[in-house]
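Dear colleague,

I am handing over the structure we spoke of, with the sequence alongside it. Please have it open while you read the notes underneath.

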Amino acid sequence: MANAQRGGLGGPSRAGSRTGLALGALWLVAGLLAVRQAAAVLRLPPERRFTDLGRWIGDNGVLHVSGSLYDTDEFTGTPFAGLVLKPLTRAAEESLGVGWTLGTLLLVVAVALVAVRALPGGVPRRARLLAAPVAVILAVVSLPVRNTFTLGQTSIIPVLLVLLGCCPPRPGRGGGRLGGVLIGLAAALQPAVLLFAVPLRFTGRRRAAAAAGVTFAVLSALAWAALPDDSWTYWIHHVAGAGLGSAPDGLANQSLHGLLLRLGPHGPAELALYALLAVAVACLGLRRAARYARDGQVLLATALTGCVAVAVSPTAWQHQQLWILLAVVGRTGKRRADRLVWPVLVVLVMTLTSTVLMPDNPFLRPVGDNAPLLAALAAACAVPFHLRASPLWDRPLPTPATEPEPGRFSWVPLLRFWKRPLSRPNVLLELMLIRIGYWAYSFVRAGAPDERSLAEAHGRRILAAEEFLHLHVEHGFNHFVAGVGWLTDGMNYYYGTFHFLVPLSLLGYLYVRRPGTYRWARTALSLATLMALAGFWAYPLAPPRLMPGLGYIDTANGPQDLDHPDFGALTELSNQYAAMPSLHFGWSLWCGIVIAVVAPRTWAKCLGMLYPLLTLSVIVGTANHYVLDAAGGALVVLSGFAVQYALSGPGRPALGRVPGARSAGDDAAPGSSAVEPARAANG
């Protein structure tokens with residue numbers, strides 16, 4: 001009873017139970033991902049597993065031969081690394097399977113836990129508890145860690161040593177010479193790590209900085225004494241390993257040197273430009289790192305220094321880019337919605353490939369190809385992370401929102417899970433989510449079951465249902481369209497162009513002119529698309545043009561050998577049996593509904609509703625869909641609006657005046673609770 005009186009009936013216990021459930025769920029996800037990653041590596045054939053490690057310790061590996069470590073350019077480590085690894089060769093061979101994988105996994109977990117311990121003061125205990133499994137999850141799914149698992153690299157070890165040196169669990173005891181020794185040891189394995197001594201010096205940890213430099217020099221000198229020829233080859237001939245391994249102009253090298261080589265400059269001009277840019281990035285990035293270290297954000301300072309090391313190193317292969325992921329801890333943005341942009345961007349860059357991040361076109365492909373380097377440069381030199389003294393550090397500007405409105409119909413149950421935000425969402429975050437959402441849509445659509453016999457059987461059932469319902473008009477209309485040249489060309493162009501152009505244009509208009517309506521419309525479209533993907537998986541369907549022996553005409557591609565169809569690039573990229581429901585019609589119906597809602601004139605509303613009717617005629621006339629496919633598309637769109645309605649209430653009456661909106665179309669009804677938050681935000 002006393003506990004209830006102090007914290008409310010069940011308050012602390014309920015909060016604790018929710019935290020415990022969330023913590024258990026996150027650790028379960030982390031464990032499952034770790035097991036999956038380990039299993040994915042161990043299932044690989046021996047010749048494809050730990051390829052880098054195999055080249056080092058195999059029967060003819062560089063650590064077995066009596067000659068130079070660098071005779072074949074396969075060993076890219078420092079002479080000290082070779083000196084340390086040689087005695088471990090036999091043990092590594094014996095544990096090349098489960099032992100090596102589990103050891104790497106334990107190192108990854110250690111890195112994540114040390115990083116969480118280094119979070120700045122003021123972070124609530126609950127947030128720290130939840131951050132531990134989240135850090136493990138992000139580390140396991142990141143490209144650098146996945147690459148390290150597959151290649152058998154040891155690049156996790158320098159990261160862990162640096163984190164222990166820069167972010168010791170007990171700063172008062174480990175912040176002196178011991179931390180510097182750990183950083184110097186890491187630098188002896190990976191020379192670019194020596195940059196971490198600079199922020200130590202700038203923040204008053206002079207003993208640690210000196211210890212790092214001395215340790216690096218002593219270990220490198222020992223390696224030089226033991227392996228003089230190899231040391232000369234590595235440090236002088238290859239300029240600290242710059243000429244070892246794969247070609248430095250490959251996409252895997254995410255450094256300024258690699259970027260310049262890919263852009264075209266070579267020779268002395270490229271080296272001079274690279275040196276100039278590297279010095280500029282190092283000066284600016286290390287000064288910023290020291291500033292955040294003095295502010296108590298030691299983990300962010302460590303991440304920024306690592307980003308500088310990635311950018312200025314002659315080579316920065318994928319397994320060496322884990323520093324970029326650590327920069328996710330930086331806080332930036334004035335509004336609460338803006339706070340998500342940077343961490344989402346970092347996570348996407350460090351977990352997805354370039355082809356997923358950006359469309360494959362000449363303008364955006366270079367951005368995707370160099371995304372890790374661009375993220376490292378942005379973190380080190382550009383992103384304005386908040387200082388802890390800033391009022392925005394833990395109190396970003398709130399998002400104006402209105403409570404869920406009562407439903408129009410009392411008999412319709414409303415869940416009212418969340419308030420309706422009124423401000424315009426962050427455009428960069430929206431573009432990232434749209435891109436990733438479209439990639440996920442394309443991936444699921446292409447990966448849906450496409451068994452021909454099953455799809456054709458479903459096609460015959462659809463035709464039988466349409467005959468029963470007297471809706472079987474596809475054959476006659478398709479032949480009519482195919483007999484009129486201009487109509488055929490117009491419908492083919494319409495089918496391939498308007499499907500994406502019109503919805504994206506409408507979303508852009510809503511974002512700029514009617515932000516409140518944008519959120520309502522975007523949510524309904526997203527829900528409808530998710531439900532359509534479930535339909536593609538559950539019901540593979542051959543469209544009319546792929547039904548054998550029925551006489552349909554493929555107006556765009558002509559007659560096809562259905563055993564070996566050829567639709568150009570679409571043959572490989574698109575599942576031709578993902579026809580039910582028709583998103584061509586569904587998205588066009590969504591456009592028609594939104595236009596009917598926002599258009600100020602009756603004629604404009606009617607014109608908007610004409611668009612889905614035109615789309616229906618096109619998808620049927622070109623033999624790409626049945627009439628019932630369009631009915632399925634209409635069902636998922638209406639269901640999307642219904643789910644959105646159930647979650648947050650009706651759309652238009654709940655919309656309030658949005659700060660910065662150019663139209664009065666998003667004004668709330670008089671007396672609505674949405675007006676005051678919006679006025680406060682305009683403040």
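What follows concerns the largest pocket and then two helices, α7 and α8.

Please keep in mind throughout that this is a predicted model.

The largest pocket has a volume of about 1500 Å³, and of the 49 residues that line it, those closest to its centre are E430, L431, L433, I434 and R435. Two or more lining residues come from each of α19 (341–351), α21 (365–369), α22 (371–382), α23 (427–447), α26 (485–513) and α27 (515–538), with the largest share, 14 residues, supplied by α23. By residue class, the lining of this pocket divides into 37 nonpolar, seven polar and five charged residues. Where does the largest pocket lie with respect to domain 1 and domain 2? Because domain 1 (23–382) and domain 2 (423–560 + 574–648) both give residues to the lining, the pocket lies between them.

Turning to the helices, α7 (residues 125–141) has 17 residues, which at 1.5 Å a residue should span 24 Å, and its end C-alpha atoms are 25 Å apart, so the two values agree. Helix α7 nevertheless has a kink of about 30 degrees at A131, shortly before the proline P133, and both A131 and P133 are among the buried residues of this helix, together with L130, A132, V136, I137, A139 and V140.

Helix α8 (residues 143–151) is mostly covered, with seven of its nine residues buried, namely L143, P144, V145, N147, T148, F149 and L151.

With best wishes

Definitions and conventions: Residues are numbered from 1 along each chain as its sequence is written. This is a predicted model: local features need pLDDT of at least 70, side-chain atom pairs count only at pLDDT 80 or more; totals for chains, interfaces and linings use all residues. Side-chain values use heavy atoms; hydrogens and water are left out. On a 1 Å grid over the protein atoms alone, a cavity is a set of points where a 1.4 Å probe fits but cannot get out, and a pocket is an open set with protein on both sides within 12 Å along at least five of seven lines; lining residues have an atom within 4 Å of a point. Grid points are joined across faces, edges and corners, and a volume is the space filled by probe spheres set on the points. Helices (H or I, at least four residues) and strands (E, at least two) are DSSP runs, numbered from the N terminus. Ala, Val, Leu, Ile, Met, Phe, Trp, Tyr, Cys and Pro count as nonpolar, Asp, Glu, Lys and Arg as charged, and the others, Gly among them, as polar. Domain bounds come from an automatic or database domain assignment. Buried means under 20% relative accessible area, exposed over 50%, partly exposed in between (1.4 Å probe, protein chains only). The expected span of a helix is 1.5 Å times one less than its number of residues. The bend at a residue is the angle between axes fitted to the seven residues ending there and the seven starting there.
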